[in-house]
Structures are given as C-alpha cells and as structure tokens.
Amino acid sequence: TGGVYFHFTTGGCLFASGLWMPSGPMLKAFRERLVKKPDEFFALEDDLAAKGLTWGEENKLVRVPNGFKHVEDERLQDRLKMKSFIVERPLKDAAFKKPAFIEDVTAFALLHSG
C-alpha cells in the first residue's frame, strides 16, 4: 500500500506519492522483488521520470543492506539503499495562484492513489 502526500510551505511545496518507511518485513520483501525483477522496477522508474517525477532521497542508507551485498549492478545497489519509495513533484509558489491548482492536486492524487 502507498499514499499521497501534499506539502505546502513557502519555497518548498511538493506533491508526493509512494511507499514511505514500510515495516522491516515489507521493505525486505520489496527489495527481494526488486532484485528478482529489476527490469520491471526500472521500467516503472523510467515511466515516472517521463512524467517529471523523481525519487525522494530521504532516509537513504549509506551502504547496501545485509542480504543484498551480492548485487553488483550499481543502479540496483542505489535503489536497495532506499528505505522509502516516494516520487516527488516540486511546486513553485506561483502554482497556488493558478485557477487550475485544485485540478492539479486532484489529478495527482487520483493518478497515484491506485
């Protein structure tokens, strides 16, 4: 399961969606799936990037976690260090002044709510 998050503050607004700080067993299962099907994950990542969405870097590990040290692919190692899988879309303060702002918020929530 995942969620949608909206952060509104002067100079640092964003929309976010994904899996934030899952439990240990859930994170381990997610990482195991990532190692088994990296192409599936990277295709999703490429699709998100095409929509202007990037992974958040919050709470990322410095080293590859135990049990995954055998992974040699550097891109995959980087993703295994993640403790949350959240995509973020930063917003400029001017976005609030546009009449379509509510529609943008709603569209983002519907797109990422499953």
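This is a short walk through the structure, from the overall fold to one helix and the aromatic rings around it.

Keep in mind as you look that the model is predicted. The protein chain holds 4 helices and 4 strands, and reading along the sequence gives the pattern β-β-α-α-β-α-β-α. Its C-alpha trace extends about 50 × 25 × 25 Å along the principal axes. Of its 114 residues, 32% count as buried. If you take the contacts between residues at least 6 apart in sequence, 71% join residues at least 24 apart. On the outside, the chain exposes about 7,500 Å², and carbon and sulfur atoms supply 57% of that area.

Now let us turn to helix H2, which covers residues 38-50. A quick check on its geometry works out nicely: at 1.5 Å a residue, the 13 residues of H2 should span 18 Å, and the end C-alpha atoms are indeed 18 Å apart, so the two values agree. Which residues of H2 are buried? They are Phe41, Phe42, Glu45 and Leu48. Viewed down the helix axis, these buried residues fall within an arc of 115°, so they line one face of H2. The general geometry helps here: an α-helix has 3.6 residues a turn, so residues three or four places apart point the same way. On the other side of H2 you will find Asp39 and Ala50, both exposed. Just after the helix, Gly52 takes a positive phi of about 80°.

The buried face of H2 brings us to the aromatic rings. A pair of such rings is described by the distance of the centres and the angle of the planes. The model has 6 aromatic pairs. One of them joins Phe41 and Phe42, with 5.7 Å centre to centre and 75° between the planes, an edge-to-face arrangement. Both of these residues are buried.

How are the rings of Phe41 and Trp55 arranged? Their centres are 5.6 Å apart and their planes meet at 5°; planes under 30 degrees apart count as stacked, so this pair is stacked. Phe41 lies in H2 and Trp55 in strand S3 (residues 54-55), so the pair ties together parts that are 14 residues apart in sequence. Are these two partners buried or exposed? Phe41 has a relative accessible area of 8% and Trp55 one of 17%; buried means under 20%, so Phe41 is buried and so is Trp55.

Finally, step back to see how the rings connect: ring pairs link Phe30, Phe41, Phe42, Trp55 and Phe85 into a cluster.

Notes
Residues are numbered from 1 along each chain as its sequence is written. This is a predicted model: local features need pLDDT of at least 70, side-chain atom pairs count only at pLDDT 80 or more; totals for chains, interfaces and linings use all residues. Side-chain values use heavy atoms; hydrogens and water are left out. Rings of Phe, Tyr and Trp (its six-membered ring) pair if their centres lie within 6.5 Å; planes under 30 degrees apart count as stacked, over 60 as edge-to-face and the rest as tilted. Buried means under 20% relative accessible area, exposed over 50%, partly exposed in between (1.4 Å probe, protein chains only). Helices (H or I, at least four residues) and strands (E, at least two) are DSSP runs, numbered from the N terminus. The expected span of a helix is 1.5 Å times one less than its number of residues. The arc is that of the directions from the helix axis to the C-beta atoms. Contact means heavy atoms within 4.5 Å. Accessible areas come from the Shrake-Rupley method with a 1.4 Å probe; for residues, only the protein chains shown count as cover.
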